[in-house]
Amino acid sequence: MIRPCSLLLALSLPASALAHGAELTATPVQAIALDARYDTGEPMADAQVQAFAPDDPQTPIALGMTDAEGRFVFVPDPAPGRWTVQVRAGGHGAITYFEQGANALRVTVERPQDWGQRALMVALVAWGALGTVLFLRRNKRG
């Protein structure tokens, strides 16, 4: 049996208190989708991702981790200019730059750590060759 005071209380409450509503809007946006992989083809799972806006290359505006397949998606602000995205995991990494203009998006990928590793290897080979020449020269005299 419904009591009159309960019925009166229920009727006096606003409709939002009686039921939950939901509202959804959808807006198409231009997103950047990254696919990070090692040179063996293996995905860079759980790699750290940082994105930097053109007007502040020191403070990341997007931080995150790649998924198990090495993927990461983010939506940059509409600020025009050169954006920088870094992906790093276990001493490996790459940097991607993309130019965002009024109606264009241009993406380029660089691997600065590969150049550092190559330079180190060249220096070590040169050092080893120089050491071998000096050693042989010294033994030849004595």
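**Strand S4 and its aromatic neighbours**

Let me begin with one position, where Leu34 stands opposite Phe72 in strand S4, and let me add at once that what we are looking at is a predicted model. The pairing behind that position joins strand S1, which covers residues 32–35, to S4 in the antiparallel sense, over 4 bridges.

Now to S4 itself, residues 71–74. In a regular strand the side chains alternate between the two faces of the sheet. Here Phe72 and Phe74 make up the covered face of S4, while Arg71 and Val73 make up the uncovered one.

From the covered face we can move on to the rings. Searching the whole structure gives 3 aromatic pairs. One of them is formed by Phe74 and Phe98, a tilted pair with 6.4 Å from centre to centre and 55° between the planes. Because Phe74 belongs to strand S4 and Phe98 to strand S6, residues 92–100, this pair ties together parts that are 24 residues apart in sequence. Phe74 is buried, and Phe98 is buried as well.

Phe98 also pairs with Trp83, and this pair is stacked, with 5.7 Å between the centres and 10° between the planes. Trp83 lies in strand S5, residues 81–89, and Phe98 in S6, so here the parts tied together are 15 residues apart in sequence. Like Phe98, Trp83 is buried.

Which residues, then, do the ring pairs link into a cluster? They are Phe72, Phe74, Trp83 and Phe98.

Finally, one contact of another kind: Arg82 lies over the face of Tyr97, 3.7 Å from the ring centre.

Notes: Residues numbered from 1 in each chain as written. Predicted model: local features only at pLDDT ≥ 70, side-chain atom pairs only at ≥ 80, totals over all residues. Heavy atoms only, no water. Buried < 20%, exposed > 50% of the residue type's maximum accessible area, 1.4 Å probe, protein only. Helix = DSSP H or I, 4+ residues; strand = E, 2+ residues; numbered from the N terminus. Pairing = 2+ DSSP bridges. Phe/Tyr/Trp six-rings, centres within 6.5 Å; stacked < 30°, edge-to-face > 60°. Lys NZ or Arg CZ within 6 Å of the ring centre and 35° of its normal.
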